[in-house]
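Hello,

Here is the structure I promised to pass on to you. Have a look at it first, and then read my notes below.

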Amino acid sequence: MATATPEAVEARIVEALASFGPDADQVTREATFEELDIDSLDLVELAQIVEDDYGVELKGDDMKSLRTVGDAIDLVVARAQ
Amino acid sequence: MTRPRVVITGVGAVTPLGVGADTLLRRWVAGESGIVDGEGACRDFDPANHLTKKEIRRTDRFAQFAIAAAEEALEAGGWKDELPYEDHRIACIYATGIGGLGTLESQHDVLRDRGPQHVSPLSVPLFMPNSGAAALSMRYGLKGHSYAVSSACAAGSHGIGAAVRAIQMGDADAAVTGGAEATLTPFARGAFSSMGALSKAGISRPFDARRDGFVQGEGAGVLLLEEREAALKRGANILGEVRGYGSTSDAFHLTAPDPSGEPASKAILAALREAGVGGPEIDYINAHGTSTEINDASETAAIKLALGESAYGVPISSTKSVTGHLLGAAGAIEAIATLLAMREKVLPPTVGLDEPDPDLDLDYIPNRARPFTPRNGAPIALSNSFGFGGHNVVLCLEGVA
């Protein structure tokens, strides 16, 4: 399992989101999922990836509260501690 | 009651012969085959040429074919810049025999190898048979009737028929219809092979004495249908008209057609009756012609039962001789090929028919295309489709004079 340093988590989440559709340079910490056209199905896939890589289990309610890419990164880093 | 008339104003296709409806007819008329190593794969198709990265991730291959074919049809019909009718008056009735089988298989691997919590949340929206209809409806903002039609290898033609009826009933002014299939997968190969349906020789040669089964193909066809008066009013380029639609069932066997051909002949007669056309007026029949022993024999019987003596004077050919069997997409691409053949005034051949079966004694246009000379002005053709489960569909199509 990968070590959940903030830098590593950020890189992994940006890479995953970019593979879902948006251009990589659009995927900044400040970008909202709405702007990126990332919907609930994408967020479930993101949760599966994060669980695989960092062992962090994210539930539906965790995902619902996320608004920006930064929110997701911070949540994963916090849970991985 | 006189039913409203329904015309075709745009077509698009992705087939083993290439991307594009004109490519399908041109290569077929030239006697070229899209079948390589016993399968009709769409090898020229690259989803990145037609779909965004997001769309590619969110569609099974069969829906990707549907989108590429729809893009061509909407462009041809002049629908691309602006829909010509109110969005909720445009139906999207789109067929498939099976749906997103490739997605189902790959996600089943995930289930078995890694457990249920790893199965993709996109699995169901990709493999559900209506995902083709849903993808087209969303991409183009079609807000009328939208659903999938599924009747195995008859589905593409049933889709067209259902769309015609929706327009005739006043439920829609226009429709996007057709069918798509992408089942060149290990499961489908195994399943069709086990039931003895696939050609062991890997050769699609309908009506030939050596035929030994069908060859699987993949692809999609899309047709734009419009109520004729509205289409004329907007100055649409009319490619033809669906004059008749006949549909019956064998009620006979899970997979085998009724060898008498009687129920299928009733579908032919129903299509002719609606069209107000007699057997001697038919210029061409695009056969279902799968290259299985029993289909080609029962289809020949059905044509004879329906048309009597005039059956012997009608040229017949099978698109599947060059594409293989596109299952739920077959009826759509074959209707498209028929319309284009009528426009180009050419009778495309049954390629590979070198050894006639003495029991099959109609004119199957062996190997070489012929000029198409309509008997009475505008050409009239039938397109036959039959599906496992005993589903029979016949479209009577009129082309441009």
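Before the order of elements makes sense, a word on what counts as one: helices are DSSP runs of H or I with at least four residues, strands are DSSP runs of E with at least two, and both are numbered from the N terminus. Please also keep in mind that this is a predicted model.

Let me begin with chain A. Its elements, read from the N terminus, follow the order α-α-α-α, which comes to four helices and zero strands. Chain A has a radius of gyration of 11 Å, close to the 12 Å from the globule rule for 81 residues, so it is as compact as a globular protein of that length. Its C-alpha trace spans about 30 × 25 × 20 Å along the principal axes. Of the 81 residues in chain A, 27% count as buried. Among the contacts in chain A with a separation of 6 or more, 61% are between residues 24 or more positions apart.

Where chains A and B touch, seven residues come from chain A and eight from chain B. The chain B side of that contact is made up of two nonpolar, three polar and three charged residues.

Next, chain B itself. The domain assignment splits it into domain 1 (6-233) and domain 2 (245-399), and the C-alpha centres of these two domains of chain B are 21 Å apart. Their contact involves 63 residues from domain 1 of chain B and 58 from domain 2 of chain B. On the domain 1 side, at least two residues each are supplied by β1 (6-15), α1 (21-29), α7 (155-168), β5 (174-181) and β6 (219-227) of chain B. Which of them gives the most to that side? It is α7(B), with eight residues. By class, the side of domain 1 of chain B that touches domain 2 of chain B holds 30 nonpolar, 24 polar and nine charged residues.

One strand I would like you to look at is β13 (residues 391-399) of chain B. How many of its nine residues are buried? The count is nine of nine. In a regular strand, side chains alternate between the two faces of the sheet. For β13(B), one set, B:H391, B:V393, B:L395, B:L397 and B:G399, points one way, while B:N392, B:V394, B:C396 and B:E398 point the other way, and all are buried.

β13(B) also has pairing partners. Strand β7 (residues 240-249) of chain B pairs with β13(B) in the antiparallel sense over nine bridges, and B:T248 has B:N392 of β13(B) as its bridge partner. Strand β12 (residues 380-387) of chain B is likewise antiparallel to β13(B), over eight bridges, with B:S383 opposite B:L395. The hairpin of β12(B) and β13(B) has three residues between the strands, and B:G389 there takes a positive phi near 105°.

Last, a charged residue to find on your screen: B:E334, in helix α13 (residues 330-344) of chain B. Is B:E334 buried or exposed? It counts as buried, because it has 27 C-beta neighbours inside 10 Å, and the cut-off for buried is 20 or more. Leaving aside residues up to four places away in sequence, B:E334 touches B:N286, B:T319 and B:S383. B:N286 is 48 residues from B:E334 along the chain, yet their C-alpha atoms are separated by 7.0 Å.

Best wishes

Note on methods: Residues are numbered from 1 along each chain as its sequence is written. Chains are lettered from A and ligands numbered from 1 in the order in which they are written. This is a predicted model: local features need pLDDT of at least 70, side-chain atom pairs count only at pLDDT 80 or more; totals for chains, interfaces and linings use all residues. Two residues are in contact if their C-beta atoms, placed from the backbone, lie within 7 Å. Ala, Val, Leu, Ile, Met, Phe, Trp, Tyr, Cys and Pro count as nonpolar, Asp, Glu, Lys and Arg as charged, and the others, Gly among them, as polar. Domain bounds come from an automatic or database domain assignment. The radius of gyration is taken over C-alpha atoms; the globule rule is 2.2 Å times the number of residues to the power 0.38. A residue is buried if 20 or more other C-beta atoms lie within 10 Å of its own, exposed if 12 or fewer, and partly exposed in between; C-beta atoms are placed from the backbone. Two strands pair if DSSP finds at least two bridges between them.
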